Amino acid sequence: MRILLFCWVCGLLVIQGLARLPTPTQLGVLAFVAVACVWHRSLRVPGVFLLATVWSAGWSSLQLVERVPLALEGEAIRVSGVVRQIPDRSGPAVRFTLEDAKRHGRRGWPDGSATLALTEHHALSGLRAGASCLLYVRLQRPRGVRSDGAFDFERWAHATGLDATGYVVAHRANVCQRAPGFSLGELREKLAAKIFSAVPEPHAASILAALAVGARPAIAPSQWQVLRDTGVIHLLSVSGLHVAMVALGISWLATRGLSLASRLRKRPFAGWLASAIALVGAAAYAELAGFTVPTQRTLVMLAVLMLDAQRIRALAPLDALLVAAGAVLSFNPLASLTLSFWMSFIAIGLL
C-alpha cells in the first residue's frame with residue numbers, strides 16, 4: 001500500500017518537470033495504458049504512477065485552456081461576473097477579482113469559469129464584495145519576468161487559477177450592483193467595517209480584520225515591512241495554523257457537548273460526529289476568510305487526519321504523510337507549484 005501511495009504522489013509531481021504538456025490525444029492513449037496496467041496486477045505500480053501523471057497533466061491542460069486567447073488580448077470586451085473577495089482600495093486604483101466571468105452578449109471566451117484580476121481607475125459605484133458586475137475590460141494573459149530571484153507571477157497565477165489580468169475601460173454601461181441572495185463576501189466586508197469602527201487604532205484594526213476575515217488590503221506598507229523584518233508575515237495570512245486551531249477548538253467543544261449527553265456518550269458514532277462538526281466549522285471559517293489555496297489544502301489535510309483518528313488501527317507516520325500529500329495533490333495538482341506546499345510537507349516530514 002505504501003508503494004502505491006508513493007507512486008501516486010510521484011506521478012502527481014512529475015508533470016511539473018516536463019517542458020510541455022501532452023496533447024489531448026496523448027493523454028487519452030496514456031489514460032488507456034494506465035487503466036490497463038492498473039487492471040493487471042503485476043503492472044499495478046507503474047500503472048498507478050502513470051494514472052496520477054495523466055490526472056495531473058489533464059488538470060494543468062484545462063487550466064491553460066481557460067486562459068484568455070491571444071486574439072482577444074487588448075480588445076475591449078464586455079464581461080459579467082461576481083466580486084466575492086473584498087476589493088483592495090489601498091492604492092490610487094481599486095484592484096479586485098471578478099469570478100465566474102463570462103462574455104456578455106456574444107459567445108466565446110470566457111465561457112463562465114474564468115477568474116479575472118482587474119484594476120478600476122474611475123471610482124465605479126457599487127464595486128464591493130458580493131456585487132454582480134457588468135463591465136467593459138481589456139485583458140491579457142498572466143505574465144511573469146525571466147529574472148532570477150524575482151516573483152514568478154505566471155507560476156502563481158497558474159497555481160491559483162487566475163486566467164487573465166487587465167483593467168476596466170471607462171464606459172457609461174459599466175455597472176455593479178448587489179447580487180440577489182446571501183453573499184459571504186458582503187458579510188466579510190461588513191465584519192471588517194465593524195472591526196474598524198470598534199477598534200480606534202487603525203494599525204491594530206487592520207491586523208484584526210486580516211486575521212478574522214482575511215481582509216489584508218487594509219494593512220499599510222509600513223506594517224508589511226515590520227512583519228517582513230520580524231519574520232512573522234506568514235502568521236498574518238489565514239492558512240493552516242488558524243484553520244487547524246479553529247478545528248481543534250470546535251472538536252473539543254463538540255466532544256465535551258456529546259459527552260454530556262448520556263445517550264450519545266457511548267455510541268460508536270460519537271467520535272465521527274465530533275470530527276464532522278469540527279470539519280464543518282473549519283470549512284465555514286475558511287470560507288469566511290476567503291477560501292484561499294492554503295485554507296483549501298488545510299481542509300483536505302484535516303479531513304485525512306480526522307478519518308485516520310477514527311480508524312481502529314492508526315496509520316504509520318510516513319503513510320499518513322503520503323495519504324495527506326496524495327489527497328491534497330489529487331484535489332489540486334497545481335498546489336505543488338506553491339512554496340507553502342513544500343514548506344508544509346517538508347516541515348512535517350522532518351518533525
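**Note on the predicted model: burial, disulfide and backbone points**

1. Threonine 338 counts as buried because its relative accessible area is 14%, where buried means under 20%, exposed over 50% and partly exposed in between, with a 1.4 Å probe and protein chains only. This residue sits in the loop between helix 12 (317-331) and helix 13 (339-350), helices being DSSP runs of H or I with at least four residues and strands being runs of E with at least two, both numbered from the N terminus. Leaving aside residues up to four places away in sequence, threonine 338 touches Ala159 and Arg297, a contact being heavy atoms within 4.5 Å.

2. On provenance, this is a predicted model, in which local features need pLDDT of at least 70 and side-chain atom pairs count only at pLDDT 80 or more, while totals for chains, interfaces and linings use all residues. Residues are numbered from 1 along each chain as its sequence is written, and side-chain values use heavy atoms, with hydrogens and water left out.

3. As to the overall fold, the protein has 13 helices and six strands. Its radius of gyration is 23 Å, close to the 20 Å that the globule rule gives for 351 residues, so the protein is as compact as a globular protein of that length; the radius is taken over C-alpha atoms, and the rule is 2.2 Å times the number of residues to the power 0.38. The C-alpha trace spans about 65 × 60 × 45 Å along the principal axes, and among contacts with a separation of 6 or more, 68% are between residues 24 or more positions apart.

4. Turning to surface and charge, 39% of the 351 residues count as buried, and the accessible surface comes to about 20200 Å², with 65% of it belonging to carbon and sulfur atoms; the areas come from the Shrake-Rupley method with a 1.4 Å probe. There are 34 positive and 19 negative side chains, and the centres of the two sets lie 9 Å apart. Here Lys and Arg count as positive and Asp and Glu as negative, without His or the chain ends, and each charge is placed at NZ of Lys, CZ of Arg, CG of Asp or CD of Glu.

5. A search of the whole structure finds one disulfide, defined as a pair of cysteine sulfur atoms within 2.5 Å. The bond joins cysteine 133 and cysteine 176, with their sulfur atoms 2.1 Å apart. Cysteine 133 lies in strand 4 (residues 131-140) and cysteine 176 in strand 6 (residues 175-178), so the pair ties together parts that are 43 residues apart in sequence. The torsion about the S-S bond is about 115°, so the disulfide is right-handed. Cysteine 133 is buried at 2% relative accessibility, and cysteine 176 is buried at 7%.

6. Two further cysteines deserve a remark. Cysteine 7 is in no disulfide, and the nearest cysteine sulfur, that of cysteine 10, is 6.6 Å away; cysteine 7 is buried at 11% relative accessibility. The sulfur of cysteine 37 is 12 Å from the closest cysteine sulfur, in cysteine 7, which is too far for a bond, and cysteine 37 counts as buried at 16%.

7. Two backbone angles may be worth checking. Aspartate 100, in strand 2 (residues 94-103), has a positive phi of about 50° although it is not a glycine, and this residue is partly exposed at 37% relative accessibility. Alanine 123, in the loop between strand 3 (111-120) and strand 4, likewise has a positive phi, near 55°, in a residue other than glycine, and alanine 123 is exposed, with a relative accessible area of 71%.
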